[in-house]
Amino acid sequence: MRKKTVATVLASTLVVMGILTGCGAKSENTGNASDKVTTISVWGMGEEAKSIPKIAELFVAENPNIKVDVQTLPWDTAHDKLLTAVASKKGPDVVQMGTTWIPEFANAKALMDLTPYLDEYPGLKQENFYPGSVETGTFEDSYVGVPWYIDTRVLYYRTDLLKEVGYDQAPKTWDEMLDASKKLAARGEGKYGFALDVKEQSLAFMLARQNGSTLFDADGKPLFNQPPFVDTVKYMQQFFTDKSAPMDLGIDAVQGFRGDGITPMFISGPWMVNLIQEQAPELEGKWATAVLPTGKENNFSSLGGANMSVFQFTKNQEASLKFVEFMAKPEIQLKWMELTKSLPSSQEAWKDPVLQDDANYKVFGEQLATAVPMPSTKTFEETAQSFLSSFEKVYRTPGIDIQKEMDTFNKKAESIIKK
């Protein structure tokens with residue numbers, strides 16, 4: 001089923017009006033003006049959002065006249081609920097936004113432009129954060145999402161198993177990555193070298209940039225059937241052709257990583273550091289992280305994470321801006337990292353010894369220097385989802401004409417952009 005967009009939901013506003021009559025913020029007045037209490041509604045997404053109430057307690061301690069009502073939404077339903085909120089103009093005061101969602105909702109004028117409020121709330125200023133992270137919260141000339149936490153992708157690898165096949169350190173180039181994967185897969189039946197995540201929608205675009213693709217030309221036309229992108233898809237397919245990447249293995253990254261290492265290498269984000277430490281403590285000293293191998297041009301990684309936005313239709317603007325500014329404080333972002341293992345977007349926070357002294361986090365800091373967000377266009381997420389279907393056909397069909405398949409995908413991308 002095709003994913004709904006802001007435009008399609010707005011077209012059916014009459015159907016959804018009134019659904020969220022209970023949402024939004026309210027004010028309570030106990031009599032004296034100084035006793036007025038404002039309650040703001042905050043929508044957070046995913047498992048990590050369950051920790052927001054703990055941070056909200058610290059905010060309320062500093063702002064006793066503001067209460068924070070946190071609602072945690074699963075990622076798989078959050079998008080549609082936000083669409084309904086936009087259509088009805090009844091929703092949260094503050095909302096966590098996935099970085100790839102910003103263009104769609106900013107284009108629908110659902111997110112407040114924070115630019116006029118930066119002098120009054122200096123903690124929101126763009127210079128406080130990594131430039132790439134600021135880019136994810138900017139749409140056209142509007143600054144609509146304050147960087148909250150960020151992530152980028154690095155290589156996880158079993159140091160002991162790589163050493164057994166002649167690699168004393170992580171592969172540094174695409175060619176070395178293929179070579180190491182083949183040697184690891186040659187260990188025997190049921191062994192592989194690299195777990196290539198075919199459901200990660202940003203992976204191919206990230207690798208294509210490493211191979212010199214700009215993804216789109218100056219006029220916004222897709223370049224997915226041009227050599228840099230096509231050659232990237234061929235490179236990705238090679239792992240399946242060589243049987244050095246598993247297909248439909250049915251185990252998660254930690255399971256494949258531990259023991260004798262069914263899949264001793266994979267690309268992922270910072271949350272995996274904690275998962276490996278908790279779920280596979282026996283691997284201590286046997287694994288590490290490294291910056292991504294370099295392709296033809298560079299080793300650019302993708303930059304993701306989440307931003308904090310103020311809903312355009314809030315009736316509690318001042319309290320909402322205060323909360324977003326509080327969440328942007330370096331010390332609060334470090335507290336958030338302590339709770340969720342999410343990396344801070346604040347450049348000041350990265351000076352903390354916790355991040356400077358940990359070998360794995362230092363790798364993420366190094367990779368952030370070459371991390372680039374996915375294109376800030378309202379149709380990119382739909383385009384990326386379409387690619388996953390095309391790539392599934394590629395890796396499941398030996399001998400397929402990849403150029404022809406990418407010609408077809410490029411036409412699909414063009415039609416998506418024209419919507």
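Which residues in H13 are buried? The legends below take up this question first, then move to other views of this predicted model.

**View 1. Helix H13 and its buried residues.** Ala 319, Ser 320, Leu 321 and Phe 323 are buried in H13. So are Val 324, Glu 325, Phe 326 and Met 327. That makes 8 of the 11 residues of H13, so the helix is largely enclosed by the rest of the structure. The helix covers residues 317-327. An α-helix has 3.6 residues a turn, so residues three or four places apart point the same way.

**View 2. Gln 312, in the loop leading from strand S11 to helix H13.** Strand S11 spans 301-310, and Gln 312 lies in the loop between this strand and H13. Gln 312 is partly exposed, with a relative accessible area of 35%. The cut-offs behind that label are 20% and 50%: buried means under the lower value, exposed means over the upper one. Leaving out residues up to four places away in sequence, Gln 312 touches Lys 109, Ala 110, Leu 111, Met 112 and Asp 113. Lys 89 is 223 residues from Gln 312 in sequence. In space, the C-alpha atoms of Gln 312 and Lys 89 are 8.4 Å apart.

**View 3. Helix H9 packed on helix H10.** H9 holds residues 203-210 and H10 holds residues 227-241. The two helices pack at an angle of about 120°. Their axes are 9 Å apart. The crossing is right-handed. On the H9 side, the contact involves Leu 203, Ala 204, Phe 205, Leu 207 and Ala 208. On the H10 side, Phe 229, Thr 232 and Met 236 meet them. The residues of this contact divide into 7 nonpolar, 1 polar and no charged.

**View 4. Two loop residues with positive phi, Leu 215 and Asp 248.** Most residues other than glycine have a negative phi. Leu 215 has a phi near 70°, a positive value in a residue other than glycine. Leu 215 sits in the loop between H9 and H10. Asp 248 also has a positive phi, about 60°, although it is not a glycine. Asp 248 belongs to the loop between H10 and H11. Are these residues buried or exposed? Leu 215 counts as buried, at 0% relative accessibility. Asp 248, at 55%, counts as exposed.

**View 5. Helix H12 and what covers it.** H12 runs over residues 271-279. Met 272, Val 273, Asn 274 and Ile 276 are buried in H12. The cover over these buried residues includes strands S8 (154-158), S9 (265-268) and S10 (287-290). Helices H11 (253-257) and H16 (359-368) are also included in that cover.

**View 6. The protein chain that frames the close-ups.** The chain has 18 helices and 13 strands. Its radius of gyration is 23 Å, close to the 22 Å that the globule rule gives for 419 residues, so the chain is as compact as a globular protein of that length. Along its principal axes, the C-alpha trace spans about 75 × 50 × 35 Å. Buried residues make up 53% of the 419 residues. Among contacts between residues at least 6 apart in sequence, 74% join residues at least 24 apart. The accessible surface comes to about 19000 Å². Carbon and sulfur atoms account for 50% of that surface.

How values were computed: Residues numbered from 1 in each chain as written. Predicted model: local features only at pLDDT ≥ 70, side-chain atom pairs only at ≥ 80, totals over all residues. Heavy atoms only, no water. Axes fitted to C-alpha atoms, helices over the stretch in contact; angles between N-to-C directions. Helix = DSSP H or I, 4+ residues; strand = E, 2+ residues; numbered from the N terminus. Left-handed = near helix turned anticlockwise from the far one by under 90°. Contact = heavy atoms within 4.5 Å. Nonpolar A, V, L, I, M, F, W, Y, C, P; charged D, E, K, R; others polar. Rg over C-alpha atoms; globule rule 2.2 N^0.38 Å. Buried < 20%, exposed > 50% of the residue type's maximum accessible area, 1.4 Å probe, protein only. Areas by Shrake-Rupley, 256 points an atom, 1.4 Å probe, with all protein chains shown as cover.
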